[in-house]
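Please open the model in your viewer and keep the sequence panel beside it. The stops below say what to select next and what is to be found there.

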Amino acid sequence: LQHRGRESAGIATADGSYQFLHTAMGLVQQAFQEFDLQRLPGHIAIGHTRYSTMGSSREQNAQPILVQGLHGPLVLGHNGNVINALELRKELVEQWGCTFSSTTDSEVIAHLLANAPGQNWGDRIRYAMRKLRGAYSLAVLLEDSLIAIRDPLGVRPLCLGKLSDGWVIASESCALDHIGAQFVRELEAGEALRIDDSGPQTIHQSMSDRKGFCVFETIYFAR
């Protein structure tokens, strides 16, 4: 989805035990050479193209973003804009001792999820949703699974597709067409969907009477 951002690009993969990451400035074809892809093994992957919303145009702000937390390593790709990110960043540094390498709201979300209290990922996502204010559609790569998260207002889109014996999530359904995947459905506003060896399963659903889909998504951003 190159049209969604031309500033930087990145791919992260996981093989069930470890995660691997490559990011660089520029277009996808500039950020990746064949040897870069050969160093990204695994059966789970997320990719991201960025344009600046919060945070300057520099390599440290490229996504996906890898962070370490109480629940192990976590890699995150984010589409949206969290309006209370600076307040949360200060809280994460002072209360949890988090260390930041970028100036983005995306890294704030990553650290919040990686350190959130809870017995399982459903509990941790519920905690994070109560803290976050703004727009966030997320692809979260764990060592053994993938989690897709859409904010309670549904500001930015996120869809699920089926590809032979695998699954795909994307910001736009045209990505599914390119790889021959079948569109299954849009994620609901406030839904967190985990995909592992047993397939997709909703692990959290936040209910809200308000919805806030961004009109730019159907006019300006969308292919």
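**A tour by selection**

Begin by selecting strand 1 together with strand 2 (residues 19-25): the two run antiparallel and are joined by seven bridges, where strands are DSSP runs of E of at least two residues and helices are runs of H or I of at least four, both numbered from the N terminus, and where two strands pair if DSSP finds at least two bridges between them. This is a predicted model, in which local features need pLDDT of at least 70 and side-chain atom pairs count only at pLDDT 80 or more, while totals for chains, interfaces and linings use all residues. Residues are numbered from 1 along each chain as its sequence is written, and side-chain values use heavy atoms, with hydrogens and water left out.

Within this pair, A14 has Q19 of strand 2 as its bridge partner. The two strands make a hairpin with four residues between them, and in the turn G16 has a positive phi of about 105°. Now add strand 3 (residues 44-50), which runs antiparallel to strand 1 and is joined to strand 1 by seven bridges; here the partner of A9 is T49. Strand 1 (residues 8-14) is mostly covered, six of its seven residues being buried, that is, under 20% relative accessible area with a 1.4 Å probe and protein chains only, whereas over 50% is exposed and values in between are partly exposed.

Next, select helix 4 (residues 105-115), in which eleven of the eleven residues are buried, so that the helix is largely enclosed by the rest of the structure. Its buried residues pack against strand 4 (65-69), strand 5 (72-82), helix 3, helix 5, strand 6 (134-141) and strand 7 (146-150), contact meaning heavy atoms within 4.5 Å. One residue to centre on is L113, which lies in helix 4 and is buried at a relative accessible area of 3%. Leaving aside residues up to four places away in sequence, L113 touches several residues, including H71, L74, W121, R124, L138 and I149. L113 and H71 are 42 residues apart in sequence, yet their C-alpha atoms are 8.9 Å apart in space.

Two of the residues that L113 touches, W121 and R124, are worth showing as sticks. The charged end of R124 sits over the ring of W121, 4.8 Å from its centre; the criterion is that NZ of Lys or CZ of Arg is within 6 Å of the ring centre and within 35 degrees of the ring normal.

Which aromatic rings should be selected after that? A search of the whole structure finds one aromatic pair, namely W96 and Y127, which are stacked at 6.2 Å centre to centre with 25° between the planes. Rings of Phe, Tyr and Trp (its six-membered ring) pair if their centres lie within 6.5 Å, and planes under 30 degrees apart count as stacked, over 60 as edge-to-face and the rest as tilted. Because W96 lies in helix 3 (residues 85-96) and Y127 in helix 5 (residues 121-131), the pair ties together parts that are 31 residues apart in sequence. W96 is partly exposed at 32% relative accessible area, whereas Y127, at 17%, counts as buried.

For the last stop, select the open sheet of three strands, whose order is 9-8-10 with antiparallel pairing. Strand 9 (166-170) and strand 10 (182-186) stand at the edges with a single partner strand each, so one side of each is left without a neighbour in the sheet. Strand 8 (residues 159-163) pairs with strand 10 over four bridges in the antiparallel sense, and L160 has R185 of strand 10 as its bridge partner. Finally, show K162 and W167: the charged end of K162 sits over the ring of W167, 4.9 Å from its centre.
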